[in-house]
Amino acid sequence: MGVVQSYRLRLQRKRWLIRAFRKRRELRNVSDRTDQIRKRDILLFSTMRNEKIRLPYFLQYYRDMGVAHFLMVDNDSTDGTREYLADQPDVSLWSTTRSYKRSRFGVDWLNWLQMRYGHGHWTLTVDPDEFLIYPFCDTRPLSALTDWLDASSIKSFSAMLLDMYPKGRIDAEPYKAGQNPMEIASWFDSGNYVISRNKRFGNLWIQGGPRMRVFFPDTPEKAPALNKVPLVKWDRKYAFVSSTHMLLPRGLNLVYDEWGGEKASGILLHTKFLHTFGDKAAEELSRKQHYSASVEYRAYAETLQENPDLWCRWSEKYINWRQLEILGLMSKGNWA
Amino acid sequence: MTVGIVMLVHTALNRAEQVARHWAAAGCPVVIHADTNVPRSVYNAFRKSLSDVDIVRFSHRHRCEWGTWGIVAATQEASELMLKEFPEVRHVYLASGSCLPLRPVQELKDYLAARPKTDFIESATTADVPWTVGGLDSERFTLRFPFAWKKNRYLFDRYVALQRRFALRRKMPNGVTPHMGSQWWCLTRQTLSAILQDPERPVYDRFFKRVWIPDESYFQTLTRLYSQHVESRSLTLSKFDFQGKPHIFYDDHLQLLRRSDCFVARKIWPHANRLYRAFLTDAEGALKRTEPNPGKIDRIFRRAVERRTRGRSGLYMQSRWPNSGWENGATCAEYSVFQGFSELFEDFEPWLARMTNIRVHGHLYGPDRVEFAAGHEVINGAISDSAAIRDYNPRSFLTNLIWATRGERQAFQFGPNDNQKIIWDLSKDANAQISVISGAWALPLFNSNRNFGELRVEAAKMQKIEAKFLDALRSPYAKARIRIWTMAEFIEAPMEPLQMVIEELGIRSARRLSEVPKMVDLTGFGQFLQNLKNQGMHPYLMGDFPAASEPAPRVAKKPKPYLVQK
């Protein structure tokens, strides 16, 4: 990495931050409870649209884990998401009717909120269908992990997206509000992930899983990225570049060991494939607010009409984090 | 006689208070030193909270930055206070605020009372210890370290480099031998007072003020001058990871800590409520007279460090992506690659599967699809048979397959028709067993019903591709176990090579093969090659075949007594 390249990335980071600063005007505050935030609190940032059915379990899951405050952006929901969130005692809510796409899929909005409220905190940036799993998450709260990361001088923690799906048609068993979505979508692909390194940003680019296997068997390069860095000790100088797939400065993307060892890492269980998915895909197709003209959603819609089963004979049923660690999807690293 | 506790605290004061009360309740005097980094108001509240306990004292506060003299100064002063104020103390135990006593205090007292002259302090000469951070061991004593490693890393490194460059060194005062060891010790009054009241102490103090991490060497070195009996181990269970920072204990370590029989453990996570509750409610001491036995904890932490530094061979994932050459094995298990066998033998794949207990795939890198064994569309790990996905990242495909099927050996066919992007990965992988019958690709051409002109072009192409593969296998970088026969060589005596290959696979019985695969009919093959030559294409990879006059090699025809032919 030459001086010129580093400087370019620096300029790019500044540009994203300025952009985020300008985009702050698109956000209208609905309920501001940020005065509750205390110095060592773990904060969760999320942006969403029409996710009310998922929220009760989502909020409970992360409250139990030890998240102290939720900072959410509601993008023009019509199903009561906004009202529901505004009533929660530990949620600060902003809403916007502006374009999701033009805010780089919500990244600009969240970059602004993180700049403003996240500085010096451990921040978790996840979607409402993503559930963080980290080593020992069944016996230790999230603050045990962040304390350990602090003590080890680690600033960012990787958690790969693991697509979960039900056995049979994805709309066979309807999801009820408050239910654990992993009860329905309890299967995943254990070992078909392909990795390459992004030289420019230093992150790994991971693709694979059921979405590549079923939706993109002939054009695997179009399969969505699964690498994510959702847990970051935030500094106001940081910026997410593309969703939570990569950040600047690029040192934060070095969540993997290059000398044969394993760093500690987690998993984001991705419960996109519930019965709500069909409607969502149809809506996103008409809104065209998703990545590269919603190519992903188009492929889903086409394939799911013919054969809506993502399950195969070698799918694994989710048990716990130890199972994921044995399968090599995540690692304890040197945390014991 | 009792044991006095010197406690160094800097955070989680509520936990320190809890532990101090626990010690005091068992009749152990406690002297507490709090870092000056603790704000005055917090410190005063802390003192006040312990004011009802009469055998707790607070010593003068020092600034304790990691790796600097402050910690030693604090220890000295607190120890002096302890010796002065509590004459009944025979052993002084140095502990931190995040230490937790695991066994009833009475057991510790009994243990020490039975060893009244023993000093428990880990103390080894610099030549003998492997644990060093920043690559400094004996230089900790011979160089000067005025800059803090954690805050002024740049100046620290520059100044070390400068001293090395000009060979600036210091001498040990009075010729003492430097020793190092865990910071947490338990010394007798005799030894400790000898160190603290030594007339030469100013000389030693001056020297150690410029030593790096003096808290791991000051007492460890000086104890050697006075102690009657040094037991070189710490009574405090404290494990360090590969960066020299202590491992932390959580609630889920409860059973492990119970079974360790250690007296004190550090470092405990301040929010590990279950641990504090379990160990500070002094259960009826079973009064075990057992020695501490941290074996199992050692194992767990050693494994954690190993996972962090060496990882799992053959695994590529979000937090393990080794640079080329650092993989500790490109794949996670042995596997076999066969080139030319399924062309030469009609039923090679089923035969191999019968003879061995391995999984035999077809051409995994075949052009149209991935030919998994038994024609499966998906295999372990939900790996798909899509050729496009495989070709998108041929290397990930191989490492994923071998990882997902670990426990069961895999074999697959390879050939010039297949995706060749994988050849260097195969050749450089020590786990690969590669067997090649060169030139056998000509057999399908020979048996096909195509125009000779096409065949000629095809043959030239195949020969070129296979030659490249053979170059890779013969390169100095090749690490796989490789065997190459020309086709002519092979059919002369096919039994021996087959036997050899099978034996390497670790077949169940090492007896002679009871069954051989059926070779394709080679009648006229020599003439076919001659025709290619006559057309100007020179097939050389199959070795020297006799021309048309003597068509098929004898070996394939003549049944041998030990063969059971189908």
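This is a tour of a predicted model with chains A and B, given as a series of selections.

**Chain B as a whole**

Start by selecting chain B alone. Its C-alpha trace spans about 110 × 60 × 45 Å along the principal axes. The radius of gyration of chain B is 36 Å, whereas a compact globule of 566 residues would have one near 24 Å. Chain B holds 23 helices and 19 strands. Of its 566 residues, 43% are buried. Counting contacts in chain B between residues at least 6 apart in sequence, 78% join residues at least 24 apart.

**The two domains of chain B**

Next, colour chain B by its domain assignment, which gives domain 1 (2-116 + 235-309) and domain 2 (335-557). The centres of domain 1 and domain 2 of chain B, taken over C-alpha atoms, are separated by 66 Å.

**The largest nonpolar core**

Which residues touch the most other members of the largest nonpolar core? Select A:Leu247, A:Leu268, B:Met7, B:Leu100, B:Val264 and B:Ala265, which do so in a core of 229 residues. Helix 3 (residues 70-85) of chain B gives the most to this core, with seven residues. Domain 1 and domain 2 of chain B each supply at least three residues to the core.

Stay with A:Leu268 and show its contacts. Leaving aside neighbours within four places in sequence, A:Leu268 is in contact with A:Val126, A:Glu130, A:Phe131, A:Leu132, A:Ala159, A:Met160, A:Leu161, A:Leu162, A:Lys228 and A:Pro230.

**Helix 3 of chain B**

Now select helix 3 of chain B. This helix has 16 residues and reaches 22 Å from its first C-alpha to its last, close to the 22 Å expected at 1.5 Å a residue. Its buried residues include B:Gly70, B:Ile71, B:Val72, B:Ala73 and B:Ala74 towards the start of the list, and B:Leu81 and B:Met82 at the end of it.

**Helix 16 of chain B**

Move to helix 16 (residues 394-404) of chain B. Nine of its 11 residues are buried, so helix 16 is largely enclosed by the rest of the structure. The buried residues are B:Ser396, B:Phe397, B:Leu398, B:Thr399, B:Asn400, B:Leu401, B:Ile402, B:Trp403 and B:Ala404. What do they pack against? Show strand 13 (335-339), strand 16, helix 15 (387-392), strand 17 (410-414) and helix 17 (423-428) of chain B, and add strand 10 of chain A; the buried residues of helix 16 pack against these elements.

**The contact between the chains**

Strand 10 leads to chain A, so to speak, and to the next selection. The contact between the chains takes 52 residues from chain A and 48 residues from chain B. On the side of chain A that touches chain B, two or more residues come from each of helix 5 (142-151), strand 10 (193-197), strand 11 (204-208) and helix 6 (209-215) of chain A. Helix 5 of chain A gives the most to this side, with five residues. By residue class, the side of chain A that touches chain B divides into 21 nonpolar, 18 polar and 13 charged.

**Backbone details**

Two cis peptide bonds can be inspected here, beginning with the one from A:Leu248 to A:Pro249, where omega is near 0 degrees. A:Pro249 lies in the loop between strand 14 (246-248) and strand 15 (266-270) of chain A. In chain B, select B:Arg266 and B:Lys267, which are joined by a cis peptide bond with omega about 10 degrees. B:Lys267 is in the loop between strand 12 (264-265) and helix 11 (273-280) of chain B.

Then look at positive phi values outside glycine. A:Asn50 has phi near 50 degrees and sits in the loop between strand 2 (42-48) and helix 2 (55-65) of chain A. Is A:Asn50 buried or partly exposed? A:Asn50 counts as partly exposed because it has 19 C-beta neighbours inside 10 Å, and the cut-off for buried is 20 or more. B:Ala382 has a positive phi of about 60 degrees and is found in the loop between strand 15 (378-379) and strand 16 (383-384) of chain B. With 27 C-beta neighbours inside 10 Å, B:Ala382 counts as buried.

**Last stop: B:Leu256**

Finish at B:Leu256, in helix 10 (residues 254-260) of chain B. B:Leu256 is partly exposed, with 14 other C-beta atoms within 10 Å. Beyond its neighbours within four places in sequence, B:Leu256 is in contact with B:Lys296 and B:Ile297. Draw a distance from B:Leu256 to B:Leu225: the two are 31 residues apart along the chain, and their C-alpha atoms are separated by 37 Å.

Conventions: Residues are numbered from 1 along each chain as its sequence is written. Chains are lettered from A and ligands numbered from 1 in the order in which they are written. This is a predicted model: local features need pLDDT of at least 70, side-chain atom pairs count only at pLDDT 80 or more; totals for chains, interfaces and linings use all residues. Two residues are in contact if their C-beta atoms, placed from the backbone, lie within 7 Å. Helices (H or I, at least four residues) and strands (E, at least two) are DSSP runs, numbered from the N terminus. Ala, Val, Leu, Ile, Met, Phe, Trp, Tyr, Cys and Pro count as nonpolar, Asp, Glu, Lys and Arg as charged, and the others, Gly among them, as polar. A residue is buried if 20 or more other C-beta atoms lie within 10 Å of its own, exposed if 12 or fewer, and partly exposed in between; C-beta atoms are placed from the backbone. A nonpolar core is a set of buried Ala, Val, Leu, Ile, Met, Phe, Trp, Tyr and Cys residues joined through C-beta atoms within 7 Å. Domain bounds come from an automatic or database domain assignment. The radius of gyration is taken over C-alpha atoms; the globule rule is 2.2 Å times the number of residues to the power 0.38. The expected span of a helix is 1.5 Å times one less than its number of residues.
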